[in-house]
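Please keep the sequence and the three-dimensional view side by side as you read, and look up each residue when it is named. The paragraphs below go from single residues to helices, and from there to cores and pockets.

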Amino acid sequence: MASQRITSALAEIEASSNPQNKLPQYNNLLSEIVSTSSEHELGQDLIYYIDSVLSEEISIVAARPLLDSFIGVLQKLSPETQIKVGQHAVTLLQSRSSSVEEQDSQIREILADAYESEEDYTAAARALQGIHIDSSQRLVSDAAKVRLWIRIVRLYLEEDDTTSAEAFLNRIKNLPSKIEDQELKLHFKLSQARILDARRRFLDASQEYFNVSLAAGVDESDRLQALAAAIRCAVLAPAGPQRSRILATLYKDDRATSVDEFGILEKMFLDRLLNPAEIAAFSERLAPHQLAQTADGTTVLDKAVVEHNLVAASKLYENITTDALGAILGLTESGDLTAGEKAEAYAARMVEQGRLNGSIDQIAGVIYFDSSVVGSATAPGRHIRQWDAGVQGLAEDVERVAASITDAFPVRALLSCRWDWANFLL
């Protein structure tokens with residue numbers, strides 16, 4: 001409830017018959033409210049004040065300078081009071097916003113700042129969404145539009161609302177003009193990477209994070225954070241040639257040794273088996289959405305690790321039984337499926353998708369690996385044949401060396417030299 005003093009003063013101003021005197025009277029009253037109202041009464045007094053200013057008795061031309069003074073006061077209030085008064089003001093302006101769009105946008109920005117300070121990011125984004133940017137009343141540049149949309153995207157991402165964030169990111173993509181501001185470009189790339197990450201498109205997200213880590217004008221600590229995010233997404237991506245390429249790019253980056261994720265990056269790049277302790281330590285650095293369970297009850301990390309270890313096993317074994325492979329992958333029996341059957345299902349899916357080269361003998365329960373030709377089904381023994389070919393090549397080289405020595409030093413000459421030396425000793 002507003003103080004009796006303020007309600008009486010507003011009634012006197014509204015009852016004044018001279019419209020020209022109302023403007024200074026409203027300004028004087030606004031200053032009096034700010035200087036004399038208690039913290040408890042301030043919000044309600046300002047609400048009564050703005051109700052009077054935006055009444056039908058005040059023309060829109062006269063209301064604009066009064067709104068400008070009101071906005072100057074609103075900027076200096078506490079976030080709690082800004083939310084209380086600002087929300088009431090934008091509600092009143094909805095019916096007249098086409099005539100006071102500039103003032104409406106300023107109040108909404110103040111309101112968004114207040115919501116953001118209170119960590120109510122969705123409310124802040126919705127306040128900014130109400131700003132009119134396609135209007136004949138005021139000209140808004142493409143750069144200003146991008147800046148507004150980028151802020152809305154970042155606010156929605158704070159609440160993990162990727163659907164709403166992506167909708168505004170697509171608006172930026174559809175702009176006819178390109179983004180020239182380097183800071184806005186950076187925010188756009190980072191927002192795009194976060195959306196791709198949240199949607200579990202980890203390969204694309206890893207590439208975007210890596211691009212951010214290379215961008216100019218970024219602090220070194222932020223670069224390393226982006227690089228670490230790129231590594232985490234690459235680890236979570238499905239095993240296959242595409243992930244191998246991004247892992248190679250990240251591993252060869254000189255900065256990679258500076259981040260905690262380098263250990264698991266090195267093992268994955270070198271196709272080494274991951275143990276449970278390393279996986280547990282890595283999982284502590286993942287975001288909640290990266291640890292969410294999939295439809296089959298496993299997490300994205302679980303699936304990524306199983307597929308990686310399967311590829312690593314294909315580098316160690318020419319062939320292996322499905323039961324032994326299931327034990328290596330750390331799979332357990334669940335439902336109607338044994339560990340071996342799970343391993344066979346993983347391998348079959350990866351072979352079918354072209355991410356693993358080999359063939360499966362379901363009757364014998366044996367998986368044959370081959371990494372020579374993508375998609376080829378070859379018989380076992382390839383590495384043994386390569387070893388035999390190497391031994392044969394070495395024997396042929398030794399034989400050629402012996403033949404060369406024989407040609408240069410015939411046997412008869414060697415025997416003659418040996419006889420002459422024996423006579424000399426005698």
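Helices here are DSSP runs of H or I with at least four residues, and they are numbered from the N terminus. With that numbering in hand, and remembering that this is a predicted model, we can place Glu-119 in the loop between helix 6 and helix 7. The phi angle of Glu-119 is near 65°, a positive value in a residue other than glycine. Is Glu-119 buried or exposed? Exposed means over 50% relative accessible area, and Glu-119, at 56% relative accessibility, therefore counts as exposed.

Another loop, the one between helix 8 and helix 9, holds Asp-160, whose phi is near 60° and is again a positive value in a residue other than glycine. Asp-160 has a relative accessible area of 61%, so it is exposed.

Because Asp-160 comes just after helix 8, the way back along the chain leads into that helix, which runs over residues 142-158. Its 17 residues, at 1.5 Å a residue, should span 24 Å, and since the C-alpha atoms at its ends are 24 Å apart, the expectation and the model agree. An α-helix has 3.6 residues a turn, so residues three or four places apart point the same way. With this in mind, look at the buried residues of helix 8, which are Lys-145, Val-146, Leu-148, Trp-149, Ile-150, Ile-152, Val-153, Leu-155, Tyr-156 and Leu-157. What do these buried residues pack against? Their partners are helix 6 (101-117), helix 7 (121-129), helix 9 (162-173) and helix 10 (182-198).

From this one helix we can widen the view to the largest nonpolar core, which has 63 residues, and in which Tyr-26, Leu-46, Tyr-49, Phe-70, Ile-107, Ile-152 and Ile-172 are the residues with the most contacts inside the core. Helix 8 gives the most to this core, with 9 residues. Apart from this core lies another one, of 32 residues, which includes Ala-205, Cys-233, Val-259 and Phe-262. For a closer look at one residue of the largest core, take Leu-46, which, when residues up to four places away in sequence are not counted, touches Leu-30, Ile-33, Phe-70, Leu-77 and Val-85.

Ile-33 also appears among the contacts of Ile-6, which, leaving aside neighbours within four places in sequence, is in contact with Leu-29, Ile-33 and Asp-45. Ile-6 lies in helix 1, residues 4-15, and with a relative accessible area of 0% it is buried, because buried means under 20%. The C-alpha atoms of Ile-6 and Gln-44 are separated by 10.0 Å, although these two residues are 38 residues apart along the chain.

A second example of this kind is Ser-105, which is found in helix 6 and is buried, with a relative accessible area of 4%. Not counting residues up to four places away in sequence, Ser-105 touches Ile-131 and Arg-138. The C-alpha atoms of Ser-105 and His-132, which are 27 residues apart along the chain, are separated by 7.4 Å.

Further along the chain, helix 13 covers residues 241-251, and its buried residues include Arg-243, Ile-246, Leu-247, Ala-248 and Leu-250. Among the elements that cover these buried residues are helix 11, helix 12, helix 14 (262-269) and helix 16.

We now turn from packed residues to open space. The largest pocket has a volume of about 820 Å³, and of the 34 residues that line this pocket, the closest to its centre are Leu-157, Glu-158, Leu-190, Arg-194 and Tyr-209. Two or more residues of this lining come from each of helix 8, helix 10, helix 11 (202-214) and helix 12 (220-236), and helix 10 gives the most, with 8 residues. Sorted by class, the lining of the largest pocket has 17 nonpolar, 5 polar and 12 charged residues.

The second largest pocket holds about 510 Å³ of space, and of the 23 residues that line this second pocket, Thr-298, Asp-302, Val-306, Leu-331 and Tyr-346 are the closest to its centre. Helix 15 (276-283), helix 16 (300-316) and helix 18 (339-352) each supply at least two residues of its lining, and the largest share, 5 residues, comes from helix 16. By class, the lining of the second largest pocket has 11 nonpolar, 7 polar and 5 charged residues.

Technical notes:
Residues are numbered from 1 along each chain as its sequence is written. This is a predicted model: local features need pLDDT of at least 70, side-chain atom pairs count only at pLDDT 80 or more; totals for chains, interfaces and linings use all residues. Side-chain values use heavy atoms; hydrogens and water are left out. The expected span of a helix is 1.5 Å times one less than its number of residues. Buried means under 20% relative accessible area, exposed over 50%, partly exposed in between (1.4 Å probe, protein chains only). Contact means heavy atoms within 4.5 Å. A nonpolar core is a set of buried Ala, Val, Leu, Ile, Met, Phe, Trp, Tyr and Cys residues joined through side-chain atoms within 4.5 Å. On a 1 Å grid over the protein atoms alone, a cavity is a set of points where a 1.4 Å probe fits but cannot get out, and a pocket is an open set with protein on both sides within 12 Å along at least five of seven lines; lining residues have an atom within 4 Å of a point. Grid points are joined across faces, edges and corners, and a volume is the space filled by probe spheres set on the points. Ala, Val, Leu, Ile, Met, Phe, Trp, Tyr, Cys and Pro count as nonpolar, Asp, Glu, Lys and Arg as charged, and the others, Gly among them, as polar.
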